[in-house]
Amino acid sequence: MSTQDNKNRKPGFSGDIPPAEREPLYARIYAVVRLIPPGQVATYGQIAAIVGKCTARMVGYAMAACPDDVPWQRVVNAQGKVSPRADHWGTEVQRLRLIDEGIKFDAEHRLDLARLRWPGPDRAWLFEHDYPLSAAHALPADEEQMRLL
């Protein structure tokens with residue numbers, strides 16, 4: 001890759017992550033996405049927050065490179081839309097897969113994110129698999145004190 005090509009790349013491009021770091025990161029992203037049940041969705045940013053130390057863009061790159069057993073179609077943008085792709089067919093395939101799972105889109109091609117958003121893995125799964133515990137999954141102070149006694 002030329003120096004000029006390097007200058008034109010956007011931050012977060014998967015090539016910016018050394019392969020030794022990309023593979024474990026992608027594996028962690030795929031593990032979380034595999035938990036999303038049919039009929040529910042998560043956003044790229046939501047997956048990034050669960051995994052930690054990555055961006056929504058990195059999750060997008062991981063979805064573009066995922067193995068067949070990862071339900072990539074269940075990851076949508078923060079507007080509740082299927083993100084456009086360079087090849088239009090990929091966008092349509094994602095919409096059709098979600099429709100096959102019972103998800104409906106409105107006239108603006110949005111799904112009801114408030115109703116269909118997956119709540120994420122439970123605290124026990126996060127802890128067991130060494131994922132960061134967000135404030136939403138942290139123990140309340142009283143429970144923490146009782147656990148320490």
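What share of the contacts in the protein chain with a separation of 6 or more comes from residues 24 or more positions apart? In this predicted model, such residues account for 63% of those contacts.

**View 1. Overall organisation of the protein chain.** The protein chain contains eight helices and two strands, and its elements, read from the N terminus on, follow the order α-α-β-α-α-β-α-α-α-α. Of its 149 residues, 38% count as buried. The accessible surface of the chain comes to about 9,400 Å², and carbon and sulfur atoms contribute 56% of that area.

**View 2. Helix α3 and the residue that follows.** Helix α3, which spans residues 44–51, is mostly covered, with six of its eight residues buried. These buried residues are Tyr44, Gln46, Ile47, Ala48, Ile50 and Val51. Just after α3 comes Gly52, whose phi is positive, at about 80°.

**View 3. Surroundings of Arg74.** Arg74 is found in the loop that lies between helix α4 (56–64) and strand β2 (75–76). Is this loop residue, Arg74, buried or exposed? Arg74 has a relative accessible area of 10% and is therefore buried, since the term applies under 20%. When its neighbours within four places in sequence are left aside, Arg74 is in contact with Ile36, Pro37, Pro38, Gln40, Val41 and Ala42, and also with Leu98 and Glu101.

**View 4. The aromatic pair of Trp125 and Tyr131.** The structure holds two aromatic pairs, and this view is devoted to the one formed by Trp125 and Tyr131, whose ring centres are 4.9 Å apart and whose planes stand at 35°, so that the pair is described as tilted. The tilted class takes in the angles that are neither under 30 degrees, which would count as stacked, nor over 60, which would count as edge-to-face. Both partners are covered: Trp125 counts as buried at 17% relative accessibility, and Tyr131 is buried with a relative accessible area of 8%.

**View 5. Arginines placed over aromatic rings.** Which residue lies over the face of Tyr131? Arg28 takes this position, at 3.9 Å from the ring centre, so the ring of Tyr131, besides being paired with that of Trp125 in a tilted arrangement, also has an arginine over its face. A further arginine, Arg95, lies over the face of Phe105, at 4.8 Å from the ring centre.

Conventions: Residues are numbered from 1 along each chain as its sequence is written. This is a predicted model: local features need pLDDT of at least 70, side-chain atom pairs count only at pLDDT 80 or more; totals for chains, interfaces and linings use all residues. Side-chain values use heavy atoms; hydrogens and water are left out. Buried means under 20% relative accessible area, exposed over 50%, partly exposed in between (1.4 Å probe, protein chains only). Helices (H or I, at least four residues) and strands (E, at least two) are DSSP runs, numbered from the N terminus. Rings of Phe, Tyr and Trp (its six-membered ring) pair if their centres lie within 6.5 Å; planes under 30 degrees apart count as stacked, over 60 as edge-to-face and the rest as tilted. A charge sits over a ring if NZ of Lys or CZ of Arg is within 6 Å of the ring centre and within 35 degrees of the ring normal. Contact means heavy atoms within 4.5 Å. Accessible areas come from the Shrake-Rupley method with a 1.4 Å probe; for residues, only the protein chains shown count as cover.
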